[in-house]
Amino acid sequence: MVVLANPPVVDQIPLLRSPGPRDSFAAVPVVDLSRPGAACAIVDACERFGFFKVVGHGVSPDTMDRAESEAVRFFAQAQADKDRAGPAYPPFGYGSKRIGLNGDMGWLEYLLLAVDDSASLSDSCAAPSNAAFRAALNEYVAAVRKVAVRVLEAMAEGLGIAAADTLSAMVTEQGSDQVFRVNHYPPCPALQGLLGCSATGFGEHTDPQLISVLRSNGTSGLQIAIPGGGAGAARWVSVPSDRDAFFVNVGDSLQVLTNGRFRSVKHRVVTNSLKSRVSFIYFGGPPLAQRIAPLPELLGEGEESLYKEFTWGEYKKAAYKTRLGDNRLAQFEK
Ligand SMILES: C=C1C[C@]23C[C@@]1(O)CC[C@H]2[C@@]12CC[C@H](O)[C@@](C)(C(=O)O1)[C@H]2[C@@H]3C(=O)O
Ligand SMILES: O=C(O)CCC(=O)C(=O)O
Ligand SMILES: [Fe+2]
């Protein structure tokens, strides 16, 4: 008998039930950033789901298409060439199937990149080295950061916070901790013949930052957990893809800043055996020293914080020791 010391990688990736038509989230809240009423619609969506779709954002389709085609070109390279972009400076750089440093696996490959104060890829990350790809990503990151800023300003307005930049300044001030991720989910050949099964592309988790702004190439796969699964449980629903829109996730830090009024949305990505998914995600985080605590304007009379005091640096350090699906905020709850 042959005993394999390490099972093949695909056997270490959890399989999930494929979503059916009834699992599609047709009612995803849509916010038109160019119209009045966006601020209220954002607050409502963040309270109900911690998730919404943004249209009327003004980002040029060329900016999105250029970044996407350069990403497709990057991932089409030979494995040895991609590995050269590997994490010289963990966790940044190219990665394949392993997510984070604590044993999580998914059917994907990715680039994880640090973003500097001027919304460009940080010079401390040499990857990607291709000048055209880097330029396309820089243009995209600058545009998506502007969308994040407008969304955070609208949130502050909708929450009735006097200073319009209370939230947005956290991702624009010097030392803000912004990360950009390009994910590629190739079709999973091992699924052929396995009817009703999908592979885990990116396992269920919440994002630790304030907000994440996502755009994909129009291939489905993103799912979110929404209330209403019965007996207080959540229900997983598929988000219909839209290559022209952005999708915004509320992260753990924004849940704390709003004392739980906004919910940090649990989400995951499943892959199928047919079509590649390429996604870009901008994660807006504050400077490491930023105190993460409910904003005083949002606390009602006598209302106390649900959380212990911490800085973003402390939260990030703790979060990066957890597994993807762990409830990272639990250790900071009072
Ligand atoms: C398993 C992990 C991957 C992650 C760091 C962590 O230990 C827990 C949080 C994960 C996450 C989720 C959102 C983003 O994709 C990410 C970059 C982040 O900031 O937190 C990833 C981390 C990662 O891939 O390194
Ligand atoms: O690739 C996606 O669509 C989402 C991935 C994700 O949730 C993440 O990178 O944190
Ligand atoms: Fe995420």
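**Exercise 1. Determine how the shell around ligand 1 divides by residue class.**

Solution. Step 1: the shell has eight nonpolar, five polar and four charged residues. In this count Ala, Val, Leu, Ile, Met, Phe, Trp, Tyr, Cys and Pro are nonpolar, Asp, Glu, Lys and Arg are charged, and the others, Gly among them, are polar. Step 2: the shell comprises 17 residues, and the closest are Arg181, Gln209, Ala319, Tyr320 and Thr322; a residue is near the ligand if one of its heavy atoms lies within 4 Å of it.

This is a predicted model in which local features need pLDDT of at least 70 and side-chain atom pairs count only at pLDDT 80 or more, while totals for chains, interfaces and linings use all residues. Residues are numbered from 1 along each chain as its sequence is written, chains are lettered from A and ligands numbered from 1 in the order in which they are written, and side-chain values use heavy atoms, with hydrogens and water left out.

**Exercise 2. Identify the polar contacts of ligand 1 with Gln209, Ala319 and Tyr320.**

Solution. Step 1: a polar contact here is a pair of N or O atoms within 3.5 Å. Step 2: Gln209 places a polar side-chain atom 2.8 Å from an oxygen atom of the ligand. Step 3: in Tyr320, a side-chain N or O atom is 2.8 Å from an oxygen atom of ligand 1. Step 4: Ala319 uses its backbone, with an N or O atom 3.3 Å from an oxygen atom of the ligand. Step 5: on its own, ligand 1 has 470 Å² of accessible area (Shrake-Rupley method, 1.4 Å probe), and the protein covers 98% of this area.

**Exercise 3. State in which pocket ligand 1 sits, and describe the lining of that pocket.**

Solution. Step 1: ligand 1 sits in the largest pocket, as more than half of its atoms lie within 2 Å of the grid points. A pocket is an open set of points on a 1 Å grid over the protein atoms alone, where a 1.4 Å probe fits, with protein on both sides within 12 Å along at least five of seven lines; lining residues have an atom within 4 Å of a point. Step 2: the volume, the space filled by probe spheres set on the points, is about 680 Å³. Step 3: of the 40 lining residues, Ile99, Gly100, Arg181, Phe202 and Leu324 are the closest to the centre. Step 4: the lining divides into 21 nonpolar, 13 polar and six charged residues. Step 5: strand S4 (a DSSP run of E, at least two residues) gives the most to this lining, with five residues.

Key: Helices (H or I, at least four residues) and strands (E, at least two) are DSSP runs, numbered from the N terminus. A polar contact is a pair of N or O atoms within 3.5 Å; within protein, one must be able to donate a hydrogen and the other to accept it, and residues adjacent in sequence count only if both atoms are side-chain atoms.
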